[in-house]
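Biologist: I'd like to go through this one with you, starting with the empty spaces.

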Amino acid sequence: MTKILANDGISQAGIDALTEKGFEVITEKVAQEDLINTINTENYEVLLVRSATTVRKDLIDACPHLKVVGRGGVGMDNIDVDYARKKGINVINTPAASSASVAELVFAHLFGMVRFLFDSNRQMPMTGDADFKSLKKSYANGRELAGKTLGIIGFGRIGQEVAKRAIGLGMKVIAHDKFIEEVNITLDFFNGDKKSFTIETESLKEVLSNSDFITLHIPKIGDKAVIGAEEIGMMKTGAGIVNAARGGVIDEDALYECLKDGKLGGAALDVFEVEPATSNKLASLPNFISTPHMGAQTKEAQSLAANVIAEKIIQILRGVI
């Protein structure tokens with residue numbers, strides 16, 4: 001029986017799909033330092049990970065019986081993909097499964113940002129009883145998203161899902177992507193109606209300078225942040241920014257200074273350069289919101305990702321075994 005180690009977990013839908021086909025699925029978490037020994041001792045042929053477990057050259061070399069490495073999600077920067085494939089290992093992921101979940105988290109952050117939800121949730125228990133009127137007045141400068149311009153940097157699957165929701169809210173959408181010139185966005189309504197929009201991408205400078213809010217959906221390439229002090233300087237004073245893509249895409253030191261001095265009105269990060277980010281100085285600012293890398297963590301996304309990865313494993317191993 002082929003054994004599968006889902007080291008960062010897998011939804012029950014995926015477990016059921018795999019066990020029905022005769023695979024044994026183990027979900028007990030193995031520490032990174034013990035992973036090589038466990039894979040070899042237990043003779044695992046498939047390793048499934050999310051973002052917590054890394055699959056580097058040392059593990060690949062040390063585990064000759066591995067046939068498949070799967071990532072339940074989009075990015076595979078925690079896996080040495082090219083090297084694994086050169087060694088004959090199938091590397092798979094689920095690029096479309098979490099698009100809607102990440103897009104909805106972006107808007108959770110945007111709504112929280114413009115209505116000061118994070119800070120008010122902290123202040124209400126402390127001063128709500130004694131000074132309710134003053135607290136209410138302190139949040140009188142909230143904004144509506146309707147009518148504002150959302151700049152989307154990275155216009156792939158997730159960026160396009162974000163665009164759909166922005167259009168539905170009455171926002172203007174502008175986008176930048178190095179590899180995409182034009183996208184047709186189709187909105188599907190509850191009654192079966194459809195409406196399509198064509199969005200042509202623009203330069204990074206144009207998107208940064210003309211947006212009320214920026215959301216990032218790009219990978220980190222190299223050591224340099226895509227959004228640093230220079231890029232933030234191009235943005236409107238008081239603009240907001242969201243990163244639910246990859247840690248390190250934004251220079252966090254520059255972000256801190258620009259939030260502190262009022263250049264930016266707000267920021268929200270779901271991903272950080274160093275995780276966990278419990279001691280990050282950004283957390284001290286009232287106009288900053290953080291979440292613990294949870295963009296894809298919805299029941300719907302996890303179930304879809306598990307079903308997709310299970311189907312891919314079944315197809316691969318039917319041809320291998």
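Biologist: How much space lies in the largest pocket?

Modeller: About 1200 Å³ of space lies in the largest pocket, where a pocket is an open set of points on a 1 Å grid over the protein atoms alone, with protein on both sides within 12 Å along at least five of seven lines. Its volume is the space filled by probe spheres set on the points, joined across faces, edges and corners. Please keep in mind that this is a predicted model, in which local features need pLDDT of at least 70 and side-chain atom pairs need 80 or more, while totals for chains, interfaces and linings use all residues. Residues are numbered from 1 along each chain as its sequence is written, and side-chain values use heavy atoms, leaving out hydrogens and water.

Biologist: OK, and which residues lie nearest the centre of that largest pocket?

Modeller: Of the 45 residues that line the largest pocket (an atom within 4 Å of a point), His-217, Ile-218, Pro-219, Ala-245 and Arg-246 lie nearest its centre. Helix 8, at residues 157–168, gives the most to this lining, with three residues; helices here are DSSP runs of H or I with at least four residues, and strands are runs of E with at least two, both numbered from the N terminus.

Biologist: How does the lining of the largest pocket split by class?

Modeller: There are 19 nonpolar, 15 polar and 11 charged residues in the lining of the largest pocket, where Ala, Val, Leu, Ile, Met, Phe, Trp, Tyr, Cys and Pro count as nonpolar, Asp, Glu, Lys and Arg as charged, and the others, Gly among them, as polar.

Biologist: What about the second largest pocket, what volume does it have?

Modeller: The volume of the second largest pocket is about 390 Å³. Its lining consists of 17 residues, and Asp-77, Arg-246, Phe-272, Glu-275 and His-293 are the closest to its centre. By class, the lining of the second largest pocket has eight charged, six polar and three nonpolar residues.

Biologist: Arg-246 came up for both pockets, so where is Arg-246 found?

Modeller: Arg-246 sits in the loop that runs between strand 11 (239–243) and helix 11 (252–260).

Biologist: And is Arg-246 buried or exposed?

Modeller: Arg-246 counts as buried because its relative accessibility is 16%, and buried means under 20% relative accessible area, exposed over 50% and partly exposed in between, with a 1.4 Å probe and protein chains only. Leaving aside residues up to four places away in sequence, Arg-246 touches several others, including Arg-71, Asp-77, Ile-218, Pro-219 and His-293, where contact means heavy atoms within 4.5 Å. Arg-246 and Phe-272 lie 26 residues apart in sequence, and their C-alpha atoms are 7.2 Å apart in space.

Biologist: Changing topic, how many cavities of 30 Å³ or more are there in the whole structure?

Modeller: The search finds two cavities of 30 Å³ or more, a cavity being a set of points where a 1.4 Å probe fits but cannot get out. The largest cavity has a volume of about 110 Å³. Gly-9, Ile-10, Arg-50, Gly-72 and Ile-309 are the closest to its centre among the 13 residues that line it.

Biologist: Which element gives the most to the lining of the largest cavity?

Modeller: That is helix 12, with four residues, and strand 3 (46–49), strand 4 and helix 12 (299–320) each supply at least two.

Biologist: And which residues line the second largest cavity?

Modeller: The second largest cavity, with a volume of about 40 Å³, has Gly-72, Gly-73, Thr-94 and Gln-302 among its lining residues, and by class its lining has four nonpolar, five polar and no charged residues.
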